[in-house]
Amino acid sequence: MTAPAHTRHATRPSKRQLIIETAERLFAEHGYDATSTARIATEAGVPSGLVFYHFATKLDLLLAVVQERPAPSEVLRSTARGRTVRLRLRAIVATMAEELEHDRAARIIVFREAQGRPEIASRAAELFAEATETVACVLAGAEDVVADAARVQAAAELVVSRVFLDTVALGQAETATNRHAAMIDLIAESLTDGVRAHE
C-alpha cells in the first residue's frame with residue numbers, strides 16, 4: 001500500500017518539520033510536561049533558539065504537533081467504495097486502524113493531553129466529528145442501507161469510538177478488523193434491517 005501523502009518526503013524535512021516530528025516522538029514517549037524544549041532541540045540536532053524561532057512557546061509547538069495532522073476524510077472516502085454496508089464497514093475499520101496506528105504518537109498525545117488543555121480537547125473533538133461525519137456519509141451511500149440518518153450517525157459514532165479506543169488507547173490495531181467482525185455484522189444488520197445484499 002502506498003504511504004499516506006504526509007509521510008512521503010521528496011526532500012529532507014525542513015528544520016521546522018524536524019522539530020515537530022522530534023517533539024511528537026518525545027511528547028508521546030515521555031509526556032508534554034516531562035519534555036523540555038532543550039531536549040527537543042538536542043534530539044532534533046538544532047540550536048535551542050531555533051525551536052523558539054518557529055514556536056513562541058512550548059504550547060505552540062504542542063499545538064502544531066496536534067493540529068498539523070492530515071484530515072481523516074480523504075483516506076476514509078477513498079478506501080470505502082464497496083457497494084454494501086458490510087463491505088464499507090470492513091474497509092472503514094481496516095483503514096482507520098491502519099491510519100491511527102501510523103499516526104500513533106500524535107493520537108497518544110491528543111488522548112493524553114486533552115485532559116486539562118482546552119486547545120487540545122477542542123482539536124480532538126474536531127477530529128472525532130470529522131471522522132464520524134465522513135463515516136456516516138460513506139455508510140449512507142451504500143446501496144443496501146435503509147436506516148434513517150439518525151441511526152447511520154449513531155453507527156458512525158460507534159465505529160469511530162471503538163476503533164479509536166482499540167487502536168490508540170489499547171494498542172490493538174493489528175487485530176481490529178477480525179475483532180470487529182461481530183460489531184460490523186450487528187451494525188450492518190441494523191442499517192439494512194437484516195437484509196444481506198450480494199457482496
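**An all-helix predicted model**

From the N terminus on, the elements of the protein run α-α-α-α-α-α-α-α-α-α-α. This is a predicted model, in which local features need pLDDT of at least 70, side-chain atom pairs count only at pLDDT 80 or more, and totals for chains, interfaces and linings use all residues. Residues are numbered from 1 along each chain as its sequence is written, and side-chain values use heavy atoms, with hydrogens and water left out.

Me: How many helices and strands does the protein have?
Reply: Helices (H or I, at least four residues) and strands (E, at least two) are DSSP runs, numbered from the N terminus. On that basis the protein has zero strands, and its helices number eleven.

Me: Does the end-to-end distance of helix 8 agree or disagree with its expected span?
Reply: Helix 8 covers residues 118-140, which is 23 residues. The expected span is 1.5 Å times one less than the number of residues, so helix 8 should span 33 Å. Its end C-alpha atoms are 32 Å apart, and the two values agree.

Me: Is valine 163 buried or exposed?
Reply: Valine 163 lies in helix 9 (residues 149-169). Buried means under 20% relative accessible area, exposed over 50%, and partly exposed in between, with a 1.4 Å probe and protein chains only. The relative accessible area of valine 163 is 1%, so valine 163 is buried.

Me: Which residues does valine 163 contact, leaving aside its neighbours within four places in sequence?
Reply: Contact means heavy atoms within 4.5 Å. Valine 93 is 70 residues from valine 163 in sequence, yet 6.8 Å away in space, C-alpha to C-alpha. The contacts of valine 163 beyond those neighbours are Val93, Met96, Ala97, Leu100 and His180.

Me: Which helix supplies the largest share of the largest nonpolar core?
Reply: A nonpolar core is a set of buried Ala, Val, Leu, Ile, Met, Phe, Trp, Tyr and Cys residues joined through side-chain atoms within 4.5 Å. The largest one has 29 residues, of which Ile92, Leu139 and Leu191 touch the most other members. Helix 6 (85-102), helix 8, helix 9 and helix 11 (181-192) each supply at least two residues. The largest share, eight residues, comes from helix 6.

Me: Which lysine lies over the face of tyrosine 32?
Reply: A charge sits over a ring if NZ of Lys or CZ of Arg is within 6 Å of the ring centre and within 35 degrees of the ring normal. At 4.3 Å from the ring centre of tyrosine 32, the residue is lysine 58.
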